[in-house]
Amino acid sequence: MSAHKKILSPSILAADHAALAEGLQVVVENRLEWIHLDIMDGNFVPNISFGPQVVKDLRKRNNTLFFDTHLMLARPDKYIEKFIDAGSQLVTIHIEPEYDVEGTLKRIRELGCQAGISLNPDTPVERILPLLDRVDLVLVMSVFPGFGGQSFIESVLPKITRLAQEREARGLNFRIEVDGGVDSRTAPLCLEAGADTLVAGTAFFKAADKPAFIRLCQGE
Ligand code: DX5
Ligand code: ZN
């Protein structure tokens with residue numbers, strides 16, 4: 001079993017982008033520690049979100065939240081420094097595009113940041129097994145990245161279980177995060193499978209009873 005405390009990382013993608021600071025405030029008011037920042041380039045994924053300047057300005061509004069930055073970029077290696085300078089404490093990159101994945105993970109850590117690796121729903125978990133001793137977090141995508149509000153793809157659950165088993169067998173300590181379609185029905189499935197970190201955009205910002213949703217995601 002993982003020793004990690006369970007964390008809900010709300011995705012600000014689901015907040016009002018003309019008032020992102022207000023979204024940040026909702027996260028703070030609910031005493032959460034993490035915020036998930038989805039960065040999309042219109043190339044690796046068919047949508048564009050926001051860039052390092054926005055992250056930097058959000059950081060100016062809040063100095064305590066843990067910035068969990070998810071780079072959905074065709075060339076993440078070109079941008080990691082900008083997102084780390086902007087105040088990210090964790091930068092997660094995808095395994096699928098063509099670039100030096102290992103070198104980029106190494107560089108993220110050298111820059112004093114935590115490093116995460118992510119895989120799309122159709123990428124076999126075997127592809128990232130050789131990298132597990134070099135990361136602080138594995139982000140299992142439970143939707144095809146690009147948009148919030150999609151339905152959870154249940155066939156990714158065995159990947160979570162496999163990662164939890166590998167972690168145990170190899171004495172590693174990375175977090176297992178799930179992203180996409182996490183709501184009050186699917187969050188318990190993720191936790192049961194072995195996840196310790198849940199991203200939720202739509203379900204969090206739309207939840208009428210946020211404290212109840214938070215407790216559910218944090219396994220309380
Ligand atoms: C999808 C993003 C997710 C997304 C989650 O490309 O990586 O973080 O915002 O949104 P929901 O929770 O609405 O599926
Ligand atoms: Zn994300």
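In this predicted model, strand β2 gives the most to the shell around ligand 1, contributing three residues. Strand β2 covers residues 34-40, and two other elements, β3 (66-72) and β8 (197-200), join β2 in giving two or more residues to that shell. Altogether, 20 residues surround ligand 1. The closest of these are Asp38, Gly146, Asp179, Gly201 and Thr202. Sorted by class, the shell holds ten polar residues, eight nonpolar residues and two charged ones.

A look at individual atoms helps to fill in this picture. In the side chain of Asp38, an N or O atom lies 2.6 Å from an oxygen atom of ligand 1. Gly146 takes part through its backbone instead, with a polar atom there 2.7 Å from an oxygen of the ligand. For His36, the distance from an N or O atom of the side chain to a ligand oxygen is 3.5 Å. The protein covers 99% of the accessible area of ligand 1, which on its own comes to 380 Å². The space that ligand 1 takes up is the largest pocket.

Attention can now turn to charged pairs in the protein itself. Side chains of opposite charge can pair when their charged atoms come close. A search of the whole structure finds 15 salt bridges. One of them joins Arg185 to Glu154, and the closest N and O atoms of this pair are 3.0 Å apart. The two partners come from distant parts of the chain, with their positions 31 residues apart in the numbering. Arg185 belongs to the loop between β7 (175-179) and α6 (187-193), while Glu154 sits in the loop between β6 (137-141) and α5 (157-169). The Arg185 and Glu154 salt bridge thereby links two loops of the chain.

Methods
Residues are numbered from 1 along each chain as its sequence is written. Chains are lettered from A and ligands numbered from 1 in the order in which they are written. This is a predicted model: local features need pLDDT of at least 70, side-chain atom pairs count only at pLDDT 80 or more; totals for chains, interfaces and linings use all residues. Side-chain values use heavy atoms; hydrogens and water are left out. A residue is near a molecule or strand if one of its heavy atoms lies within 4 Å of it. A polar contact is a pair of N or O atoms within 3.5 Å; within protein, one must be able to donate a hydrogen and the other to accept it, and residues adjacent in sequence count only if both atoms are side-chain atoms. Accessible areas come from the Shrake-Rupley method with a 1.4 Å probe; for residues, only the protein chains shown count as cover. On a 1 Å grid over the protein atoms alone, a cavity is a set of points where a 1.4 Å probe fits but cannot get out, and a pocket is an open set with protein on both sides within 12 Å along at least five of seven lines; lining residues have an atom within 4 Å of a point. A molecule sits in a cavity or pocket if more than half of its atoms lie within 2 Å of its grid points. Helices (H or I, at least four residues) and strands (E, at least two) are DSSP runs, numbered from the N terminus. Ala, Val, Leu, Ile, Met, Phe, Trp, Tyr, Cys and Pro count as nonpolar, Asp, Glu, Lys and Arg as charged, and the others, Gly among them, as polar. A salt bridge is a side-chain nitrogen of Lys or Arg within 4 Å of a carboxyl oxygen of Asp or Glu.
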